[in-house]
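The exercises below ask the reader to work from the sequence and the coordinates towards a picture of the fold. Please try each task before reading its solution.

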Amino acid sequence: MRGAILFNGNAETVDTLVGNAAPLLLSSRHEDPEVARSRRVLLVTAAWGEREHDEGHVKRALNAIGLPSRFEGGFDRGLVNLSLMHEVRGLSRTAPRLIAAWHEERRVAEMARSFYLEHNAHLIQLFRRTLAVGKREDPTLTVARLASDQGHYGTGDRLLRYTLSRELRQALDTLEANDDHLVDLLDEIEQRAFDAAGLAYDAAWRAAQGRLEQRILAANSIVLFGGQLDLLLDALRFFRLRDALAEALRRGTQLIAMSAGAMVLCERVIVYDDMAATRRDFQLYDRGLALVRDIQLFPHCTERIQTDDPDNLAYLARRFRHHACVGLNQRSFLLFELDPRRATSFGGEDCVFVFDPEGRKISYHKGEVIRI
């Protein structure tokens with residue numbers, strides 16, 4: 001794949017995002033000379049909901065770095081909005097049964113998530129209780145040490161340590177199994193709902209999907225903004241746009257993604273659980289688009305993760321162990337190039353953080369390549 005993705009945690013302003021992304025936006029990797037010359041930018045603002053087309057400030061920021069608007073027939077052909085939610089609203093008039101099926105699928109999926117959270121709440125409580133018992137016996141004990149303890153023969157402290165280690169690993173294994181179960185269940189819910197509605201063979205849906213795919217494939221750069229994570233992810237999957245985005249990357253399109261827009265590109269979407277009654281926890285929310293499988297992104301990093309707590313970092317890295325756990329802040333930028341497969345810290349004002357199973361927070365400064 002010729003393309004690249006520039007990830008950001010949660011830029012303070014659009015000007016900050018566009019300014020840092022300017023080297024990509026003003027250049028091209030695209031294999032199509034016409035698309036490369038156009039420098040066309042596609043804006044994905046579906047996560048803004050009803051404000052989807054309030055993108056005037058974004059276009060002004062793009063104009064300021066040298067990307068002009070080009071009006072033809074009253075429409076801007078240089079800086080284009082994907083208009084994802086506009087297409088959803090159009091189907092609510094032409095194919096209301098499909099939108100009804102979509103809303104029902106979303107309702108049932110949310111119920112499945114509520115069961116998942118109930119299961120996990122008990123497991124996380126047991127995990128913390130196990131660690132607390134261990135720390136009462138040895139205040140220097142950490143999650144990393146306890147989870148790695150393979151056990152030794154003996155009585156007293158050694159026997160207790162062995163037992164606590166087994167319990168901790170059992171909690172982590174069960175949490176991971178619950179994650180896998182939720183992923184499979186949500187996939188099945190979506191398939192059953194959309195197959196029953198005949199989604200892929202509805203003429204109005206196919207026409208809308210065709211328009212969306214054409215906008216994606218005609219773009220030199222695509223900017224995915226943050227906002228309502230569920231709305232953005234569900235709408236992208238409703239129109240099955242994952243393949244179009246993958247093909248755009250293969251051709252050399254460059255993606256700039258922040259906050260929710262960055263999260264949906266990973267294989268799994270992890271959210272900060274605002275539903276927890278006491279202490280908040282990170283939980284699996286849904287499958288992502290899996291355009292990047294190597295990393296698990298945590299935007300709003302220092303706001304939501306206790307990055308100075310090695311136990312917390314070790315828990316995250318072990319809980320989501322199949323990917324490198326990467327934390328991004330407002331001024332953190334990570335450039336992920338698909339060929340060669342390389343991740344580089346890109347921003348000059350803040351680091352990219354990687355959390356490892358030993359509970360370490362590894363900082364990568366501008367230009368440093370991240371091991372994934």
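Two strands are taken to pair if DSSP finds at least two bridges between them. The model used throughout is a predicted one.

**Exercise 1. A sheet and its strands**

Task: Work out the strand order of the open four-stranded sheet that contains E10, and say which strands form its edges and how E10 and E14 pair with their partners.

Solution.

Step 1. The sheet is open, has four strands in the order E10-E11-E14-E15, and its pairing is mixed. Its edge strands are E10 and E15 (361–364), each of which pairs on one side only. On average, neighbouring strands of this sheet are turned by 30° against each other, with direction ignored.

Step 2. Starting from one edge, E10 pairs with E11 (residues 324–327) in the parallel sense, over four bridges. Within this pairing, Leu297 has Val326 of E11 as its bridge partner.

Step 3. At the other edge, E14 (residues 352–355) and E15 run antiparallel and are joined by four bridges. Here Phe355 finds its bridge partner in Lys361 of E15.

Step 4. The side chains of E10 can now be sorted: Ile295 and Leu297 point one way, while Gln296 and Phe298 point the other way, and all of these residues are buried.

**Exercise 2. Salt bridges around Arg287**

Task: Find which acidic residues form salt bridges with Arg287, and decide whether the residues involved are buried or exposed.

Solution.

Step 1. A salt bridge requires a side-chain nitrogen of Lys or Arg within 4 Å of a carboxyl oxygen of Asp or Glu, and by this rule the model has 36 salt bridges.

Step 2. One partner of Arg287 is Glu190, with the closest N and O atoms 3.5 Å apart. Because Arg287 lies in strand E9 (residues 282–287) and Glu190 in helix H7 (residues 157–197), the pair ties together parts that are 97 residues apart in sequence.

Step 3. With a relative accessibility of 10%, Arg287 counts as buried, and Glu190 also counts as buried, at 11%.

Step 4. Arg287 meets Asp286 in a salt bridge as well, at 3.0 Å from N to O, and both Arg287 and Asp286 are buried. Through shared partners, salt bridges join Glu110, Arg113, Asp187, Glu190, Arg237, Asp286 and Arg287 into one network.

**Exercise 3. A salt bridge between loops**

Task: Locate the salt bridge between Arg293 and Glu267, and classify the accessibility of each residue.

Solution.

Step 1. The side chains of Arg293 and Glu267 come together in a salt bridge with an N to O distance of 2.9 Å. Arg293 belongs to the loop between E9 and E10 (295–298), and Glu267 to the loop between helix H11 (260–263) and strand E8 (268–272), so that the pair links distant parts of the chain, 26 residues apart.

Step 2. Arg293 counts as partly exposed at 45% relative accessibility, and Glu267 is likewise partly exposed, at 27%.

**Exercise 4. Two helices that cross**

Task: Describe how H5 and H9 cross, and name the residues that meet.

Solution.

Step 1. The axes of H5 (residues 96–137) and H9 (residues 229–238) come within 12 Å and cross at roughly 130°, which means that H5 is oblique to H9. The crossing is right-handed.

Step 2. On the side of H5, the residues are Leu98, Ile99, Trp102 and Arg106, and they meet Asp230, Leu231, Asp234, Ala235 and Phe238 in H9.

**Exercise 5. Three single residues**

Task: For Ser259, Leu164 and Phe75, decide whether each is buried or exposed.

Solution.

Step 1. Ser259 sits in the loop between strand E7 (254–258) and H11, and is buried, with a relative accessible area of 11%. Apart from its neighbours within four places in sequence, Ser259 contacts Asn8, Gly9, Gly226, Pro299 and His300.

Step 2. Leu164, in helix H7, is buried with a relative accessible area of 10%. Leaving out neighbours within four places in sequence, Leu164 is in contact with Thr130, Val133, Gly134 and Leu146. The C-alpha atoms of Leu164 and Phe127 are separated by 9.6 Å, the two residues being 37 residues apart along the chain.

Step 3. Phe75, placed in strand E4 (residues 75–76), is exposed, with a relative accessible area of 53%. Its C-alpha atom is separated from that of Leu186 by 38 Å, and the two residues are 111 residues apart along the chain.

Methods. Residues are numbered from 1 along each chain as its sequence is written. This is a predicted model: local features need pLDDT of at least 70, side-chain atom pairs count only at pLDDT 80 or more; totals for chains, interfaces and linings use all residues. Side-chain values use heavy atoms; hydrogens and water are left out. Helices (H or I, at least four residues) and strands (E, at least two) are DSSP runs, numbered from the N terminus. Buried means under 20% relative accessible area, exposed over 50%, partly exposed in between (1.4 Å probe, protein chains only). Axes are lines fitted to C-alpha atoms, for helices over the stretch in contact, and angles run from 0 to 180 degrees between N-to-C directions. Angles under 35 degrees count as roughly parallel, over 145 as roughly antiparallel, 65 to 115 as roughly perpendicular and the rest as oblique. A crossing is left-handed if the near helix is turned anticlockwise from the far one by less than a right angle, and right-handed if clockwise. Contact means heavy atoms within 4.5 Å.
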